[in-house]
Amino acid sequence: MAIDFGVEPEFQEKLDWIEEFVKTEIEPLDLYFRTTVSPFDKGNELAQGLVRPLQKKVQENELWACHIGPELGGRGYGQVKLAMMNEILGRSSWAPSVFGCQAPDSGNAEILAHYGTDEQKERYLAPLLRGEISTTYSMTEPQAGSDPAYFTCAAVRDGDEWVINGEKWFASNYRYAEFLIVMVITNPDVSVYQGSSMILVPAGADGLELIRDVHLGGGSSGADAGHAYLRFNDVRVPAENLLGDEGSGFKIAQTRLGGGRVHHGMRSVGMAQRALDMMCERVISRETKGSLIGEKQAIQHWIADSWIQIQQFRLQVLYTAWLIDQENETAAEHGGVGDYRKVRQHIAGVKVATPKVLIDVVYRALHSHGSLGVSSDMPLIGMWMTAPVMGIADGPTEVHKDTIAKTVLKGYTPYEGLFPSAHIPTRVEEARLHIEARIENEVANL
Ligand SMILES: Cc1cc2nc3c(=O)[nH]c(=O)nc-3n(C[C@H](O)[C@H](O)[C@H](O)COP(=O)(O)OP(=O)(O)OC[C@H]3O[C@@H](n4cnc5c(N)ncnc54)[C@H](O)[C@@H]3O)c2cc1C
């Protein structure tokens, strides 16, 4: 019997330390730089001067870049422990950067760790893992996002260089990125699943044009790194900038996005819990019509519903994290790399659940604060906007539901008969024949 919901005391100590550290040292950064500085802006000396000593403390506590294996400077704790950490870090926008596990850099680091050559690791991964640079992942195009079959941005080999032409869309943090990992078509004669590749492109390469930065919601603030609309005009990069094998772009994307989707889920558990915490504090602090808001039955049901939803979601995230750990361990025993695609039904489940939990729980918290909840005096409306974003970033909900349904249906076979296998008259007749045979053979011979 191997199911154990306990946390090792040594790791619980670390979680307790993280909780306190985030509250006392990192949340002040969230508030101080709220509208002025992005955590991805490594060129901001004031902010980075404040962040570096905190990162050092994280490293001393062996909690730096926990999504990466120890051979590359991370701890290699695995996804279950990362899930517990990320639940705490998800409460703050600066915390992931202070712990070296911020998206999209974490996914890009995973790609480089899995598929990079020694030279690529030295040049691109090492500074990323030292927290010195920000990076961009660029796959989506203006005419195509959820279906890569419509991608057209292409790279053509010319001597010892790749020449890239096309457009990319919503390339997050490009403004602060040192390099991009770009998905390009390298063989247009086969399907995108065999004909795409990943290429490293230094930001600001000749011919790489920033058409404009796009922002979420109503506009930008100084703290918003934005999402770039990019055009590649004959951008040339050395042949050795190819990541992994030519034609393996889609496989690499799955590695990256699989982890990223679960990490968003982990952080969203923390965000939902924070919303519920705010709601509970408020409703036991304010009265209307002669009683506390928290004594009204409608609000009590909302609290119960939210608690249940968060509990279910947390367990779903942890179970998926555990499955990924199992897959990685089995692959490592055979000298290989874990394949996220084997767990993709569960990852898709987390991806679909994430916006739903946030929409429900954050909305209840926001609503129970009344006018204050929808105002800029509280973080709730900002948290609520995260919900629809989570339903689109890394692929829309519908696509992930398709994945789940297809995988679930693979476990079933069509039934040959005119009526389904649960058809009661047919089953009653089968049962009658079975029982009568037993009566004849067993009871009659007593
Ligand atoms: C905050 C944020 C950050 C992002 N960062 C990056 C990044 O750094 N790099 C990057 O490359 N991309 C990034 N993206 C882009 C993201 O990956 C795409 O938005 C996503 O894949 C969806 O593509 P799309 O926007 O083109 O929507 P579309 O593909 O046009 O889909 C639009 C809608 O159509 C419906 N739909 C689509 N497919 C189906 C289907 N099979 N069945 C039923 N309905 C369907 C859904 O309702 C969907 O929401 C980011 C997006 C967001 C919101």
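**Reading helix packing, domains and a ligand shell**

Helix α3 makes a right-handed crossing as it passes α8.

User: Before we go on, what kind of model is this, and which residues do α3 and α8 span?

Analyst: It's a predicted model. α3 covers residues 79–89 and α8 covers residues 249–283. Their axes sit 6 Å apart and make an angle of about 45°.

User: How do I read that angle: what are α3 and α8 to each other?

Analyst: Angles under 35 degrees count as roughly parallel and 65 to 115 as roughly perpendicular, with over 145 being roughly antiparallel and the rest oblique. So α3 and α8 come out oblique to each other.

User: Which residues of α3 and α8 meet?

Analyst: From α3 you have Q79, L82, A83, N86, E87, I88 and L89. On the α8 side they meet V262, H263, M266, R267, V269 and G270. Sorted by class, that contact has seven nonpolar, four polar and two charged residues.

User: Now α8 against α10: at what angle do they pack, and how far apart are the axes?

Analyst: Helix α10 is residues 344–368, and α8 packs with it at an angle of about 20°, the axes being 9 Å apart. That angle makes α8 and α10 roughly parallel, therefore. Their crossing is left-handed. The α8 and α10 contact breaks down into 15 nonpolar, six polar and five charged residues.

User: And α9 with α10: are they roughly parallel or roughly antiparallel?

Analyst: Look at the crossing angle, which is roughly 155° for α9 (residues 297–333) and α10, with axes that come within 10 Å. Over 145 degrees counts as roughly antiparallel, so that is how α9 and α10 lie to each other. The handedness as α9 passes α10 is left-handed.

User: Which residues make the contact of α9 with α10?

Analyst: α9 brings I299, W302, S306, Q309, I310, F313, Q316, V317, T320 and L323. Facing them in α10 are H346, I347, G349, V350, A353, V357, D360, V361, R364 and S368. The class count for this contact is 11 nonpolar, seven polar and two charged.

User: Let's zoom out. How is the protein chain divided?

Analyst: Into domain 1 (9–116), domain 2 (135–243) and domain 3 (249–410). The centres of domain 1 and domain 2, over C-alpha atoms, are 26 Å apart.

User: How many residues of domain 1 and domain 2 are in contact?

Analyst: Domain 1 puts 16 residues in contact with 14 residues of domain 2. The domain 1 side of that contact has six nonpolar, six polar and four charged residues.

User: What about the ligand: why does it lie between domain 2 and domain 3?

Analyst: Because both domain 2 (135–243) and domain 3 (249–410) give residues to the shell around it. There are 21 residues surrounding the ligand, and the closest are G145, S146, S172, P396 and E398.

User: Which elements each supply at least two residues of that shell, and what classes does the shell hold?

Analyst: β1 (134–138), β3 (161–172) and α13 (397–410) each supply at least two. By class, the shell around the ligand has 11 nonpolar, seven polar and three charged residues.

User: Last topic, backbone oddities. What should I look for?

Analyst: Here's the general idea: residues other than glycine mostly have a negative phi, and peptide bonds are mostly trans. In this model, the peptide bond from A103 to P104 is cis, with omega near 0°. You'll find P104 in the loop between α4 (95–98) and α5 (105–115). Then there's K289, not a glycine, yet with a positive phi of about 45°. K289 is in the loop between β9 (287–288) and β10 (291–292).

Key:
Residues numbered from 1 in each chain as written. Predicted model: local features only at pLDDT ≥ 70, side-chain atom pairs only at ≥ 80, totals over all residues. Near = placed C-beta within 6 Å. Helix = DSSP H or I, 4+ residues; strand = E, 2+ residues; numbered from the N terminus. Nonpolar A, V, L, I, M, F, W, Y, C, P; charged D, E, K, R; others polar. Domains from an automatic or database assignment. Contact = placed C-beta atoms within 7 Å. Axes fitted to C-alpha atoms, helices over the stretch in contact; angles between N-to-C directions. Left-handed = near helix turned anticlockwise from the far one by under 90°.
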